[in-house]
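Hi,

Here is the structure I promised to pass along. Have a look at it first, and then read on for what turned up.

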Amino acid sequence: NLVSGWGSSSYLGETCYKVREWQRIMDGNRAFCQAAGSKLKWPGGASLATIGSSSEQAAVMAAMEGVDPTKHAQVYIGGFSRFYGGKKNWYWIDGTPFKYDNFESNLVDAGNEDCLAFINGPWSGTQRGEWNDVPCNSGLWAWICSAKAK
């Protein structure tokens with residue numbers, strides 16, 4: 001079941017996914033999801049979406065249905081990177097490392113791109129649903145929240 005007050009969204013098992021629209025930087029999106037979960041008294045809380053499997057990827061893609069790709073070519077999801085040990089390491093906002101990923105095949109690390117976006121409006125060489133690293137302060141106009149269903 002979807003969480004109350006969530007409106008149109010998709011779900012997988014006990015997790016619901018919802019696209020939100022408003023221009024914010026990454027930290028503002030996370031805080032907004034958490035505040036929404038608190039305000040609506042969702043028992044599991046809410047945060048930016050994390051994607052740990054192909055089935056969760058499919059649920060997020062379902063939540064993206066109907067989102068205008070010309071208006072929202074990319075949307076934030078809850079991943080971030082930290083550079084250590086000579087390489088970029090990716091984590092979810094709860095601190096767990098990636099066990100599943102769907103990065104675009106031609107991903108070029110341009111530096112200072114430490115947050116994660118879900119591609120909704122593909123461009124040359126990319127596919128809808130692939131992931132892209134973006135600057136955390138890029139102010140994308142949409143993001144995906146997840147919440148545990150009641």
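Let's start with a charged pair: in this predicted model, the side chains of Glu65 and Arg128 meet in a salt bridge, with 3.7 Å from N to O. The two residues come from distant parts of the chain, 63 residues apart. Glu65 sits in the loop between helix H2 (54-64) and strand E4 (74-84), while Arg128 sits in the loop between strand E6 (115-119) and strand E7 (131-134). How open is each end? Glu65 counts as exposed because its relative accessibility is 55%. Arg128, at 27% relative accessibility, counts as partly exposed.

That pair is part of a short list, as a search of the whole structure finds three salt bridges. As a general reminder, side chains of opposite charge can pair when their charged atoms come close.

Lys88 is the residue to click on next. One of its partners is Asp114, with the closest N and O atoms 3.8 Å apart. This is another link between distant parts of the chain: Lys88 is in strand E5 (residues 87-92) and Asp114 in the loop between E5 and E6, 26 residues apart. Asp114 has a relative accessible area of 23%, so this residue is partly exposed.

Lys88 also forms a salt bridge with Asp133, and here the closest N and O atoms are 3.2 Å apart. Because Lys88 lies in strand E5 and Asp133 in strand E7, this pair ties together parts that are 45 residues apart in sequence. Is Asp133 buried or exposed? With a relative accessibility of 2%, Asp133 counts as buried. Put the shared partners together and you get one network of salt bridges, made of Lys88, Asp114 and Asp133.

Now the aromatics. The count comes to nine aromatic pairs. Take Phe98 and Trp131: their ring centres are 5.7 Å apart and their planes stand at 85°, so the pair is edge-to-face. Phe98 belongs to the loop between E5 and E6, Trp131 to strand E7, and the two are 33 residues apart, so to speak bridging distant parts of the chain. Both ends are covered: Phe98 counts as buried at 18% relative accessibility, and Trp131 is buried with a relative accessible area of 0%.

Trp131 has another ring partner in Phe103. That pair is edge-to-face as well, at 5.8 Å centre to centre with 75° between the planes. Phe103 lies in the loop between E5 and E6 and Trp131 in strand E7, so parts that are 28 residues apart in sequence are tied together. Phe103 is buried, just as Trp131 is. If you colour the rings, try picking out Trp90, Trp92, Phe98, Tyr100, Phe103 and Trp131 in one go, since ring pairs link them into a cluster.

On to the cysteines. How many disulfides does a search of the whole structure find? The search finds one, and this disulfide joins Cys115 to Cys136, with 2.0 Å from S to S. The link of Cys115 and Cys136 is right-handed, with 100° about the S-S bond. Cys115 lies in strand E6 and Cys136 in the loop between E7 and strand E8 (142-148), so the disulfide ties together parts that are 21 residues apart in sequence. The two ends differ in cover: Cys115 counts as buried at 2% relative accessibility, whereas Cys136 counts as partly exposed at 29%.

Finally, the overall picture. The protein has two helices and eight strands, and from the N terminus on the elements run β-β-α-β-α-β-β-β-β-β. Of its 150 residues, 44% count as buried. Among the contacts with a separation of 6 or more, 68% come from residues 24 or more positions apart. The protein exposes about 7700 Å², with carbon and sulfur atoms supplying 51% of that area.

If you only have a few minutes, I would open the Lys88 network with Asp114 and Asp133, then the ring cluster that includes Trp131, and then the disulfide of Cys115 and Cys136.

Cheers

Terms used
Residues numbered from 1 in each chain as written. Predicted model: local features only at pLDDT ≥ 70, side-chain atom pairs only at ≥ 80, totals over all residues. Heavy atoms only, no water. Salt bridge = Lys/Arg side-chain N within 4 Å of Asp/Glu carboxyl O. Helix = DSSP H or I, 4+ residues; strand = E, 2+ residues; numbered from the N terminus. Buried < 20%, exposed > 50% of the residue type's maximum accessible area, 1.4 Å probe, protein only. Phe/Tyr/Trp six-rings, centres within 6.5 Å; stacked < 30°, edge-to-face > 60°. Disulfide = S-S within 2.5 Å. Contact = heavy atoms within 4.5 Å. Areas by Shrake-Rupley, 256 points an atom, 1.4 Å probe, with all protein chains shown as cover.
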